[in-house]
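Please look through the following structure together with this briefing, which takes up its sheets, its helices, its ligand and a few points of its backbone in turn.

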Amino acid sequence: MKKGKSNSSRRKFIKNSSLAVGSFFIVPSHIVAKGHIRPSDQLNLAAIGAGGKGTSDIRNAWNNGKNKVVALCDIDKQRCSRSIGAFPEAKFYSDFRVMLEEMKDDIDAVTISAPDHVHGVAAMVAMELGIHVYVQKPLTHNIYEARQLTLAAREHKIVSQMGNQGASNPSQQLMADWFNEGKIGSVHTVHVWTNRPVWPQGIPVPTEKVDLPAHISAQEWDLFIGPAEPVDYHPLYHPFKWRGWWNFGTGALGDMGCHLIDTPFRVLGLGYPTEVECSVGQVFTRDWMPEYIPEGCPPSSSVQIKFEATDKNPSTLKFHWTDGGIRPFHPDLIPADDDLGENGSGNGVIMIGEKGIITCGTYGSNPKIYFNNGDQMTMPDDYVVDRPYLNLPERGHQASWAEACKAGFNSPEHRQLTSSFDYSGPLTETVLMGNLAIRSYSEGAIGENGRRQFNGRKKLLWDGESMKITNYDEANRYVSRNYREGWQLI
Ligand SMILES: NC(=O)c1ccc[n+]([C@@H]2O[C@H](COP(=O)([O-])OP(=O)(O)OC[C@H]3O[C@@H](n4cnc5c(N)ncnc54)[C@H](O)[C@@H]3O)[C@@H](O)[C@H]2O)c1
């Protein structure tokens, strides 16, 4: 595959358009009819993974025709039929490498909403070609990929955004304001939890042979596998259920962590963690003999991550994550009958400070303070943030990215994005630190006594700068992965 940036004059125009404003108009804006968009103002978009969440990602980036969808890529035409119907003129591909290579001069920006294991490789190929990227959460499948994408976005001057749309909820800014104003003092403990997995997880690897559905070819299944370890098709992998298998997904923590952990990461200005420890739920189908399924993410997990004090939060922080329906208990300050986090308490965030507690649900919903003196505070009705597109779907998370792509790298529009990789890369690394501990905890080998030994069941010490566990080298294999030939992270 040919690499390197395209010299397309059209893309140059899009990238440099913020410089061009005032000095170069294709059509003066006053003679453009209302509602009519000048061709040069349209971003040419493509989608990788155009079904599932990709359906709304590409539609929201298209933004009612403000932009143009020129290409769609998916391995399952049925799964993405709504996108094909919405954008019949878009050229269709099943291999994103072919699409990006063939259309690199026509594609300005791409939404990547394929399963987690595809994100890193697809985003890297796009960025190397100078194409702006919107990548679903978690940004990547492993920590190394997150670091590399963050660096590559800077190097190639890419306008990037991760798909944790709750980042664009003004409530996140409100909670940061509350914290910055000292309303709850420094925070020493955070609890974050989710009711995921809501898909099969912690189950044995399927062994029965299942034919590919008629609408998916063997070649398309091979493309689904992408950089992963080849396995035969099974409906327990595609669509949607790939989440529960380490080969493709990142489990409950990877699925919801980038939404929920976003809040404390952003509000408290967290950086790389220093320690991680976990335990996971076991499954028994026989007496006294837990199932051993290292290929599958566990049915539940409890993870503690430690952070040093930061410029914003002058306290060391113990951060607790639970999933699989295990949630924290009511802190003394929260009345016994109150839901925790969001309505129904299924997901949430609790940040415990010296003077009170800030809580919220998924996507920053339901922000609230419980003060030590018993007072409470919720979001003021008149709270506003100075950001356009908030009235659009998902508070303009995709549309604002598309506008920032037009404005160019490091433009005010770019700097206003709420989850560009400079932020979401380190956030994703932190989320995936939890998975590194979970995978290490779940690995075992039969020892001399004939019993399975689990040497990774310890507190893991992390050197964030060098991406290394310093007290258990075996765990470092989970920092990255083995890439299939032809699918390496370039
Ligand atoms: N931000 C959110 O609220 C949100 C919600 C759901 C999913 N997601 C994220 O979106 C991504 C997709 O999740 P989903 O639930 O839509 O999964 P899905 O399996 O329902 O859809 C994935 C789509 O990608 C296609 N695909 C698979 N492999 C591909 C490949 N190699 N190349 C091109 N297309 C490929 C599939 O055919 C399908 O159309 C995940 O990363 C997930 O975490 C985010």
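The notes below describe the arrangement of the chain, topic by topic.

The model is a predicted one, and its strands include an open sheet of six with parallel pairing as well as an open sheet of ten with mixed pairing. Helices lie across these sheets, among them α3, which crosses β1, β2, β4 and β5, and α14, which touches β8, β11, β12 and β19. A ligand is also present, and 28 residues surround the ligand.

**The six-stranded sheet**

- Strands of a sheet pair through backbone hydrogen bonds, and the pairing is either parallel or antiparallel.
- Reading across the six-stranded sheet, the order of the strands is β3-β2-β1-β4-β5-β6, and the pairing is parallel.
- At the two edges stand β3 (91-93) and β6 (160-162), each of which pairs on one side only, while neighbouring strands of this sheet are turned against each other by 20° on average, with direction ignored.
- One of the pairs within the sheet is made by β4 (residues 109-112) and β5 (residues 132-135), which run in the parallel sense and are joined over four bridges; here Val110 has Val133 of β5 as its bridge partner.
- Helix α3 (residues 53-62) lies across β1 (44-48), β2 (68-73), β4 and β5, and its direction makes an angle of about 175° with that of β1.

**The ten-stranded sheet**

- The strands of this open sheet follow the order β16-β15-β14-β13-β7-β12-β11-β8-β19-β20, and their pairing is mixed.
- Its edge strands are β16 (376-378) and β20 (468-469), and each of them pairs on one side only.
- Strand β19 (residues 460-463) pairs with β20 in the antiparallel sense over two bridges, and in this pair Asp463 stands opposite Lys468 of β20.
- Helix α8 (residues 170-180) lies across β14 (356-360) and β15 (368-371), running at about 175° to β14.
- Helix α14 also packs on the sheet, where it touches β8 (275-280), β11 (301-307), β12 (317-322) and β19, and its direction makes about 50° with that of β8.

**Helices that pack against each other**

- How do α7 and α14 run relative to each other? Helix α7 (residues 143-155) and α14 have axes 8 Å apart and pack at an angle of about 175°, and they are therefore roughly antiparallel, since angles over 145 degrees count as such.
- In this contact, Ile143, Ala146, Arg147, Leu149, Thr150 and Ala153 of α7 meet a group of α14 residues that includes Phe421, Asp422, Gly425 and Thr428; the residues of the contact divide into eight nonpolar, three polar and three charged.
- Helix α10 (residues 251-260) is another partner of α14 (residues 421-442), for the two axes come within 9 Å and cross at roughly 160°, so that α10 and α14 are likewise roughly antiparallel to each other.
- The crossing of α10 and α14 is right-handed, and the contact is made by Gly251, Leu253, Gly254, Gly257 and Cys258 of α10 together with α14 residues including Leu427, Thr428 and Val431; by class there are five nonpolar, six polar and no charged residues.
- The axes of α3 and helix α12 (residues 397-407) come within 7 Å and cross at roughly 50°, which means that α3 is oblique to α12.
- The crossing of α3 with α12 is right-handed, with Asp57, Asn60 and Ala61 of α3 meeting Gln398, Ala399, Trp401 and Ala402 of α12; the contact holds four nonpolar, two polar and one charged residues.

**The surroundings of the ligand**

- Which of the 28 residues that surround the ligand are the closest? They are Gly49, Gly51, Gly52, Asp76 and Pro239.
- Helices α3, α6 (116-128) and α9 (218-225) each supply at least two residues of the shell, and the shell as a whole divides into twelve nonpolar, nine polar and seven charged residues.

**Particular points of the backbone**

- The peptide bond from His238 to Pro239 is cis, with omega near -10°, and Pro239, which is among the residues closest to the ligand, sits in the loop between α9 and α10.
- A cis peptide bond also joins Lys137 and Pro138, with omega about -15°, and Pro138 is found in the loop between β5 and α7.
- Asn366 has a positive phi of about 55° although it is not a glycine, and its place is in the loop between β14 and β15.

Technical notes: Residues numbered from 1 in each chain as written. Predicted model: local features only at pLDDT ≥ 70, side-chain atom pairs only at ≥ 80, totals over all residues. Axes fitted to C-alpha atoms, helices over the stretch in contact; angles between N-to-C directions. Parallel < 35°, antiparallel > 145°, perpendicular 65-115°, else oblique. Left-handed = near helix turned anticlockwise from the far one by under 90°. Contact = placed C-beta atoms within 7 Å. Nonpolar A, V, L, I, M, F, W, Y, C, P; charged D, E, K, R; others polar. Pairing = 2+ DSSP bridges. Near = placed C-beta within 6 Å.
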